[in-house]
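Subject: Structure handover

Hello,

Here is the structure I said I would pass on. Please open it alongside this email, and my notes follow below.

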Amino acid sequence: MPAGEALRRARLRCGWSAEDIARALNIRVRQVEALEQGDIAALPAPVYAVGFMRAYAEYVGPHVGLDAERVVALFKAQARGAAEPQRGLNFPV
């Protein structure tokens, strides 16, 4: 399961909206949504994206038993995978 999806499910389990999370973390709603959807391109520089993910995971984690460090590690791995170029076959012209 993607890290963002785990956080979205945790948020819903707590009965919170994306707006509630944005307000609590002092970030934009669209950034909360981008984190949940794994939309790396819609997030700021990677260091900020990781910080947002960490803050989000630390905020909801204690309420649902989610390990914030594991979520952040998963997010980093997924972000690296999204950033790697897709390798295909290149034929000479």
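A good place to begin is arginine 11, which touches Trp16, Ser17, Ala18, Ile21, Glu36 and Tyr56, leaving aside residues up to four places away in sequence. Arginine 11 lies in helix 1. Is this arginine 11 buried or exposed? With a relative accessible area of 8%, arginine 11 is buried, because anything under 20% is put in that class. Please keep in mind that this is a predicted model.

Now the overall layout. The protein has five helices and zero strands. Read from the N terminus, its elements run α-α-α-α-α. Of the 93 residues in the protein, 34% are buried. Among contacts with a separation of 6 or more, 57% are between residues 24 or more positions apart.

Next, a pair of helices. Two packed helices are described by the angle between their axes and the distance between the axes. Helix 1 covers residues 3-14 and helix 4 covers residues 46-64. The two pack at an angle of about 45°, and their axes are 10 Å apart. That angle makes helix 1 oblique to helix 4, because it falls neither under 35 degrees nor in the range of 65 to 115. The crossing of helix 1 and helix 4 is left-handed.

Which residues make the contact? On the side of helix 1 they are Ala3, Gly4, Leu7, Arg8, Ala10, Arg11, Arg13 and Cys14. Helix 4 contributes Met53, Tyr56, Ala57, Val60, His63 and Val64. Sorted by class, the contact of helix 1 with helix 4 has nine nonpolar, two polar and three charged residues. Arg11 and Tyr56 both appear in this contact, and Tyr56 is also one of the residues that arginine 11 touches.

Last, the charged pairs. Side chains of opposite charge can pair when their charged atoms come close. How many salt bridges does a search of the whole structure find? The search finds five. Three of the pairs are described here, starting with helix 2.

In helix 2 (residues 18-25), arginine 23 and aspartate 20 are three residues apart, so about one helical turn separates them. Their side chains meet in a salt bridge, at 3.3 Å from N to O. Arginine 23 is exposed, with a relative accessible area of 60%, whereas aspartate 20 is partly exposed at 27%. In another part of the protein, salt bridges that share partners join Glu5, Arg8 and Arg9 into one network.

The pairs in that network are as follows.

- Arginine 8 forms a salt bridge with glutamate 5, and their closest N and O atoms are 2.8 Å apart. The two are three residues apart in helix 1, so they are separated by about one helical turn.
- Arginine 9 meets glutamate 5 in a salt bridge at 2.9 Å, N to O. These two are four residues apart in helix 1, so about one helical turn lies between them too.

Glutamate 5 counts as buried, at 18% relative accessibility. Arginine 8 is partly exposed, with a relative accessible area of 28%. Arginine 9 is also partly exposed, at 46%. Arg8 appears in the contact between helix 1 and helix 4 as well.

Regards

How values were computed
Residues are numbered from 1 along each chain as its sequence is written. This is a predicted model: local features need pLDDT of at least 70, side-chain atom pairs count only at pLDDT 80 or more; totals for chains, interfaces and linings use all residues. Side-chain values use heavy atoms; hydrogens and water are left out. Axes are lines fitted to C-alpha atoms, for helices over the stretch in contact, and angles run from 0 to 180 degrees between N-to-C directions. Angles under 35 degrees count as roughly parallel, over 145 as roughly antiparallel, 65 to 115 as roughly perpendicular and the rest as oblique. A crossing is left-handed if the near helix is turned anticlockwise from the far one by less than a right angle, and right-handed if clockwise. Contact means heavy atoms within 4.5 Å. Ala, Val, Leu, Ile, Met, Phe, Trp, Tyr, Cys and Pro count as nonpolar, Asp, Glu, Lys and Arg as charged, and the others, Gly among them, as polar. A salt bridge is a side-chain nitrogen of Lys or Arg within 4 Å of a carboxyl oxygen of Asp or Glu. Buried means under 20% relative accessible area, exposed over 50%, partly exposed in between (1.4 Å probe, protein chains only).
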